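Reader: I should like a close look at the pockets of this model. Please concentrate on what lines them.

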Amino acid sequence: MDAGVLVAVDLVNRMVVRPEPVEDMAVLREVLAVDPPSVAQLAPGHVPGFAALARELRAVFEDLSGGAEDAAADRLNQLLAAHPAHPHLAKEDGRWRLHHHPADAALVPMWTSICAEALARLLAGGHGDRAGSCADDRCGRAFVDTSRNGSRRFCTTTCQNRVKTAALRRRRAALGD
Ligand SMILES: [Zn+2]
C-alpha cells in the first residue's frame, strides 16, 4: 500500500480513534518510521500539527465510510490547496532521485500533502469506497480495504467476529433460548 495511505490510516487510528497511554512523540516516531529522515526531524512542536492532520483525515475516512465522496473530495481539495506537493530532485550516490519534497521541507505540511494526495489518488482511481471506518461503533478504526472484492466493513476480522457473535447472541435471546 502507498506510504501516504498507510501513514493516514495510522495517524487516524493512533492519534484520534484510540489515543494510547503512550506519548504522542512515541506514536509519531512509529507512524513515521516509513521515512527515517522524518523521524530524525520530528520534534515535540510537531505534535499539535499532526494531531490536527489526524482529525482532518479522520473526517475524510468517515465521509468515505458513509459513501459521501463529494464531501471527502472537498476536504481533500482543501488540504491539497493549503499544502501543495513540492517535487524535488536530489542527487544520491551520483544519481538523481525525484522526491515528493525537499529533505528540509517542514514536516507537518509535507505529510499533509503526502497523505491527502494518497487518499485523493484512491478516490480518483474509483476506490474511494475501499476507505472507511470500522462498522463496529465501539471501534471506528480507519482502514483501507485491499481485498479482491473490496467489500470489507470492519477494520479486522476480530471486529467482524465480535459483531457477528453479538448479533447471534441477540437473536438467540430473542428466541428465548
Ligand atoms: Zn474495528
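Author: The account below takes the pockets in turn. The model is predicted: local features need pLDDT of at least 70 and side-chain atom pairs count only at pLDDT 80 or more, while totals for chains, interfaces and linings use all residues. Residues are numbered from 1 along each chain as its sequence is written, and side-chain values use heavy atoms, with hydrogens and water left out.

The largest pocket (on a 1 Å grid over the protein atoms alone, an open set of points where a 1.4 Å probe fits, with protein on both sides within 12 Å along at least five of seven lines) holds about 420 Å³ of space, taken as the space filled by probe spheres set on the points. Its lining (residues with an atom within 4 Å of a point) consists of 22 residues, and Asp35, His99, His100, His101 and Ile114 lie nearest the centre. Two or more lining residues come from each of α1 (3–17), α3 (36–41), β1 (88–92) and α6 (107–124); helices (H or I, at least four residues) and strands (E, at least two) are DSSP runs. Helix α6 gives the largest share, six residues. By class, ten lining residues are nonpolar, seven polar and five charged, where Ala, Val, Leu, Ile, Met, Phe, Trp, Tyr, Cys and Pro count as nonpolar, Asp, Glu, Lys and Arg as charged, and the others, Gly among them, as polar.

The second largest pocket has a volume of about 170 Å³. Of its 16 lining residues, Ser65, Asp129, Ala131, Gly132 and Arg152 lie nearest the centre. Helix α4 and strand β3 (131–133) each supply at least two residues of this lining, and β3 contributes the largest share, three residues. Here the classes divide into five nonpolar, five polar and six charged residues.
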